[in-house]
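Visitor: I would like to take a close look at a single part of this structure, and I would be glad of a careful, connected explanation.

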Amino acid sequence: MERTLPRNPFILLLSLLVTLATGSALAEIPPQRQAELIYLLRHDCGSCHGMRLEGGLGPALKPDRFAGWSTEQLAATILHGRPGTPMPPWRPFFTDREAYWLAGQLKRGIRP
Ligand code: HEC
């Protein structure tokens, strides 16, 4: 009893810390991956949407365009593309979470 009592709060604290760490890992994209995604947005998306995302073969990807779009809607367009148009599906390259994060960046507007 004397030995198990102090151990319980420790285990409780440990599992709390693990839960918190897992939770934030799910909520956030690691900074290095964020940088990769922004790079990809500028270069790969930019090859069709313009290097400054102001339009090219594809339309401009600017916040005013997406003001009425939900982040989910925008993420789905990125993941599935637009069948029958040159807009390809990006599902092989992004997880749902990454597409959602990118959609959030596009809605907010990334600096050119
Ligand atoms: C091969 C060229 C090409 C590439 C690469 C490309 N797109 Fe597109 N995209 C298009 C075209 C063309 C359209 C317009 C489709 C249509 O006619 O509805 C489009 C449409 C979109 C739309 C809908 C815009 C609107 O106003 O309706 C979004 C959002 C979008 N692209 C995001 C992206 C993102 C993010 C990437 C990079 C991960 C990307 N695209 C890469 C060609 C491309």
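Visitor: Which residues does F94 touch, not counting residues up to four places away in sequence? Please begin there, and then go on to the helix α2 and to H49, which is found in it.

Guide: This is a predicted model, and in it F94 touches R33, L37, L40, I78, L79, A99 and L102, once residues up to four places away in sequence are left out. F94 also belongs to the largest nonpolar core, a set of 22 residues in which L41, I78, F94, L102 and L106 touch the most other members. At least two residues of this core come from each of three helices, namely α2 (31–49), α4 (71–80) and α5 (96–108).

Turning to α2 itself, its buried residues are L37, I38, L40, L41, C45, G46 and H49, and α5 is part of what covers them. The helix α2 also has a kink of about 30 degrees, centred on L40, and L40 is one of the residues that F94 touches. Just after α2, G50 takes a positive phi of about 95 degrees.

H49 deserves a slower look. Its relative accessibility is 10%, and because buried means under 20%, H49 counts as buried. Leaving out residues up to four places away in sequence, H49 touches E54, G55, G56, G58, P59, L61 and M87. With P59 there is a polar contact as well, since a polar atom of the H49 side chain lies 2.7 Å from the backbone oxygen of P59.

H49 also brings us to the ligand, which is surrounded by 22 residues, the closest being C45, C48, H49, R65 and M87. An N or O atom in the side chain of H49 is 2.8 Å from a nitrogen atom of the ligand. The side chain of R65 has an N or O atom 2.5 Å from an oxygen atom of the ligand, while for R82 a polar side-chain atom lies 2.7 Å from an oxygen atom of the ligand.

Two cysteines, C45 and C48, are among the closest residues to the ligand. C45 is buried, with a relative accessible area of 11%, whereas C48 is partly exposed, with a relative accessible area of 27%. A disulfide is a covalent bond between the sulfur atoms of two cysteines. When cysteine sulfur atoms must lie within 2.5 Å to be counted as such a pair, the number of disulfides comes to zero.

Definitions and conventions: Residues numbered from 1 in each chain as written. Predicted model: local features only at pLDDT ≥ 70, side-chain atom pairs only at ≥ 80, totals over all residues. Heavy atoms only, no water. Core = buried A, V, L, I, M, F, W, Y, C linked by side-chain atoms within 4.5 Å. Buried < 20%, exposed > 50% of the residue type's maximum accessible area, 1.4 Å probe, protein only. Helix = DSSP H or I, 4+ residues; strand = E, 2+ residues; numbered from the N terminus. Contact = heavy atoms within 4.5 Å. Bend = angle between axes of the 7 residues up to and from the residue. Near = heavy atom within 4 Å. Polar contact = N/O pair within 3.5 Å; in protein donor to acceptor, adjacent residues only side chain to side chain.
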